[in-house]
Amino acid sequence: MPREYPLPKIRNIGIIAHIDAGKTTFSERVLFYTGISHKIGEVHDGAAIMDWMEQERERGITITSAATTCFWAPTDDLENKHRINIIDTPGHIDFTAEVQRSLRVLDGAVVVFDGVAGVEPQSETVWRQADKFKVPRICFINKLDRTGASFEKSLESIFKKLTPNAVALQIPIGQEQDLKGIIDLLKMKALIFEGDFGQIIKEQEIPEELKPEAEKWRNIALEKIVSENEQLMEKYLAGENLDIKEIRACLRKAVLENKLVPVFTGTALKNKGIQLVLDAVCYYLPSPLDIPAIQGLKPGTEEVIERKVDDNEKFSALAFKVATDPYVGTLTFFRVYSGTLQAGSYVYNTANNYKERIGRILRMHSAEREEVKEIYTGDIVATVGLKNTQTGNTLCDESAPIVLENIVFPEPVISIKIEPKTKADQEKMGIALKRLSDEDPTFKIKSDFETGETIISGMGELHLDILVDRMKREFNVECSVGRPQVAYKETILQEAEAEGKYIRQSGGRGQYGHVKLRVKPREQGQGFVFNDEIKGGIIPKEFISAIEKGTKEALNNGVVAGYPMVDVEVTLYDGSYHEVDSSENAFKIAGSMALQEAAKRAKPILLEPIMKIEVVVPEEFFGDVIGDLSSKRGRIEETFDRLNMKVISAHVPLAEMFGFATILRSLSEGRGTFVMEFEKFEQVPSSISQNIVEGKNN
C-alpha cells in the first residue's frame with residue numbers, strides 16, 4: 001500500500017514548556033483547528049482531551065506525554081497539507097523522563113512560554129534537553145491576554161536565559177485585556193481573529209500608529225535572517241524587496257541548523273495566534289528527511305552503522321515509551337527511523353535478542369486510537385502486547401540488526417516505604433509495581449532485605465504520590481505509605497586496591513575464589529564500568545562475568561551507610577583459581593568482598609541531591625524567605641523582580657526541603673509559590689553525614 005503522505009510533508013513535533021505555561025490549552029486548540037476534536041476541551045474544566053488520565057484532570061497538569069496525529073495546510077497554501085504527529089509533554093519537573101524520551105524521538109519542538117513569567121526554571125531545563133538532542137524549535141509566547149503580560153519582557157528573558165538567536169516574527173496588537181490581534185512582520189499585515197473560536201483570520205492593513213513599531217521589529221528580524229545567506233544579505237543592503245518565499249527558505253535552513261529560533265505570540269485561551277504556529281511548524285520545522293541518517297552500533301561490537309531515512313531501507317525503530325492502557329493492555333510507543341512494517345510481522349529486539357510479533361498497530365489520537373495495517377519511515381505509532389520490550393530498546397529487521405543509542409534517565413532522588421494493607425493486596429502490589437516501573441524508567445523498586453520492606457524511589461513527592469494513586473485506581477491496591485526519605489548515594493574520592501578470598505572446605509568439593517581489584521572514582525553521572533586486565537588465564541574467562549556480577553551487587557549497598565555506590569571504575573587485575581574447587585558462585589562472592597574492602601580504602605563519601613529552587617514572593621516577605629532558605633543550607637544564586645514580586649533562585653539540599661510548602665505559606669500569608677527541580681548530587685558535609693549514618697543504623 002503506498003504511503004498517504006510523502007516524507008517531506010510529515011512533522012514529528014513535541015510541545016514542551018514549564019508547568020502552567022498553557023501548553024495543554026495550546027494543544028487542545030491545535031486539535032480543534034486541525035479538525036481532530038469538534039469542541040475545545042479546557043484544562044480548568046477538567047475536560048482537556050490530551051490530559052486523559054483522571055489524575056491529570058483533577059490536578060490540571062499533564063503527567064504522561066500524550067501522542068496524537070493531526071493534519072494541517074498552511075493558511076496561505078491550502079493545497080499543501082501536512083501530517084503532524086504531536087507529543088504533548090508534561091511541564092512538571094517530577095516527570096522529566098517523559099520530556100526526555102519524547103525529545104529523543106522528535107524532529108522539532110514548539111516551546112510555550114507564559115507571557116507574564118517569561119522564561120521559568122523548567123523552561124530552561126527543557127530547553128537544555130532540546131539542545132542536548134539538537135532539536136530545532138520555535139517559540140510561542142502565550143497568555144498575552146493576562147494582566148501583567150509583556151511580549152517584550154518575555155522575549156528579553158528568552159534572549160538572556162536561553163538563546164541570543166531568537167527572532168520575533170510577530171508582535172501583538174495591544175496587550176493584556178486590550179490584545180486585539182497580531183502583526184505578521186514578514187507579510188507586514190495585521191491579523192485579527194474572529195468567530196466564536198478565533199477560526200476566521202482577517203488580514204488587514206497595519207494601523208498607522210503601529211507602523212513605525214512594526215517597521216523597527218521587521219528590520220531586526222530581517223537582519224538576523226539575511227545574515228545567514230550572502231545573496232539575500234546583498235539584496236537587503238541594496239534596498240531591494242525580498243520575496244517572502246526566499247525569506248522563509250533562508251529561515252528554514254537556519255532553524256534546521258539550530259542557528260535561529262523563530263518566536264510567535266498570542267493567547268491559546270482566547271484563541272489568537274495558534275493557526276500561525278501550525279503554519280510555522282509546516283514552514284520551518286524539519287521533516288524526517290531533514291534529520292541526519294540515524295546511527296547505531298552493530299550488536300556486540302563498536303562498529304558504527306547507519307540507516308538512511310528511506311522506506312526501502314531495512315526496518316529500524318526505537319521504543320520510547322511503554323504504557324498500561326486500561327482497555328488494550330500494554331502499549332509500546334515507537335518511532336520508525338527506516339523501512340516499513342506491516343501488522344502481523346515480526347521484529348527483532350537487539351537489547352535482549354528476542355523476536356516479537358507486531359499484532360495491532362495503532363495511530364494514537366490521545367486516548368483514542370485508529371488501527372493501521374502498515375507503517376512507514378518517520379511514523380510515530382503504538383503497538384499492543386509486546387512482552388519483552390522496554391523504553392530505549394531497538395526494534396529492527398532480524399536480517400540487519402542495529403542497536404540505536406539508548407535513552408539515559410536521571411537517578412531518582414526521593415524514596416518512600418510502601419506496604420500492602422491486606423494479604424490480598426500483597427500479590428497485586430507486586431504486579432502493579434512491576435507494570436509501573438516498566439512504564440517509567442525513573443521509578444525504581446527495591447526490597448530492604450534486613451526489614452523486608454519495599455522501598456520505591458522517584459523524582460519527587462508528586463511523582464510518588466501519582467504512582468501510589470495509580471496503584472489504587474488502576475490496580476485496586478490499597479497501600480500504607482511511609483514518610484518521604486532522601487535517596488542518598490555513595491561514591492569514592494581516590495584510587496585503592498584490595499583482594500577478596502573466598503575459601504571453604506567442607507568434606508566434599510570445596511569453594512575457591514580469589515580476586516584482586518582496583519577501584520577508581522569517575523566523573524559524576526558517568527556510572528559504573530568494569531575492566532578486565534587478566535592475562536594468561538590466571539582466572540578462566542568463564543568466571544570473569546561472575547566477578548563483575550559480584551562487584552555490581554556489592555555497589556548496591558555502599559560501605560558508608562548502605563546506600564547505592566555510583567560513578568566507580570572497577571578493574572580486575574589479578575587473582576587465582578583452583579582446578580577443582582573454583583566455581584562461579586565462589587568468584588562472585590570473592591568479587592563482592594574485594595569491592596567492599598577496596599571501597600573502604602578509597603575514601604568513601606555520602607552524596608545528597610541538591611535541588612534548584614525558584615521562589616516567587618511579594619517584596620514584604622522577601623527577607624524572611626531568604627533567611628529561611630539560608631537556614632536550610634541554601635545557596636542563593638540570584639534575586640530579581642518579576643512584575644511586583646521578588647524572585648529568589650537558590651540551590652538547596654533536598655533533605656532540608658520537606659514541608660517547605662507549608663513554611664512558605666505561613667511566611668508569605670499564602671501568597672508565595674515555588675518550583676523545585678533536581679540539579680546535581682553533592683558531597684554531604686561530614687557533620688551531617690555522621691547523623692545520616694547513625695539514623696540509618698538505628
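Here is a short dialogue on reading some features of this predicted model.

User: Before we start, what should I know about the model and how many helices and strands does the protein have?

Analyst: It's a predicted model, where local features need pLDDT of at least 70, side-chain atom pairs count only at pLDDT 80 or more, and totals for chains, interfaces and linings use all residues. Residues are numbered from 1 along each chain as its sequence is written, and side-chain values use heavy atoms, with hydrogens and water left out. Helices (H or I, at least four residues) and strands (E, at least two) are DSSP runs, numbered from the N terminus. The protein has 16 helices and 38 strands.

User: How do I read a sheet, say the one with S31 in it, and what is its strand order?

Analyst: Start with pairing: two strands pair if DSSP finds at least two bridges between them. Here you get an open sheet of four strands, ordered S31-S32-S34-S33, with mixed pairing. Strand S31 (496-504) and strand S33 (529-532) are the edges, each pairing on one side only. On average, neighbouring strands are turned by 25° against each other, direction ignored; axes are lines fitted to C-alpha atoms, for helices over the stretch in contact, and angles run from 0 to 180 degrees between N-to-C directions.

User: How many bridges join S31 to S32?

Analyst: Nine, and S31 runs antiparallel to strand S32 (residues 511-521). As one example, Ile503 stands opposite Tyr512 in S32.

User: Which helices go with these strands?

Analyst: Look for contact, meaning heavy atoms within 4.5 Å. Helix H12 (residues 541-555) packs on the sheet and touches S32, S33 and strand S34 (568-576), with its direction at about 150° to that of S33. Helix H13 (residues 584-601) lies across S31, S32 and S34, running at about 35° to S32.

User: What about charged residues: is Glu569 buried or exposed?

Analyst: The general idea first: side chains of opposite charge can pair when their charged atoms come close. For charge, Lys and Arg count as positive and Asp and Glu as negative, while His and the chain ends are not counted. A salt bridge needs a side-chain nitrogen of Lys or Arg within 4 Å of a carboxyl oxygen of Asp or Glu. Buried means under 20% relative accessible area, exposed over 50%, and partly exposed in between (1.4 Å probe, protein chains only). Glu569, in strand S34, is buried yet has no salt bridge, and the nearest side chain of opposite charge, Lys520, is 4.3 Å away.

User: Which side chain makes a polar contact with Glu569?

Analyst: Asn531, at 2.8 Å. A polar contact is a pair of N or O atoms within 3.5 Å; within protein, one must be able to donate a hydrogen and the other to accept it, and residues adjacent in sequence count only if both atoms are side-chain atoms. Leaving aside neighbours within four places in sequence, Glu569 also touches residues including Arg518, Val519 and Val529.

User: Where would I see a salt bridge that does form within a helix?

Analyst: Try H13 again: Arg601 and Glu597 meet in a salt bridge (3.3 Å, N to O). They sit four residues apart in helix H13, so about one helical turn separates them. Arg601 is partly exposed at 46% relative accessibility, and Glu597 is partly exposed at 29%.

User: And how many salt bridges are there in the whole structure?

Analyst: A search finds 28. Another of them pairs Lys235 with Glu246 (2.9 Å, N to O), linking helix H7 (residues 230-237) to helix H8 (residues 244-256).
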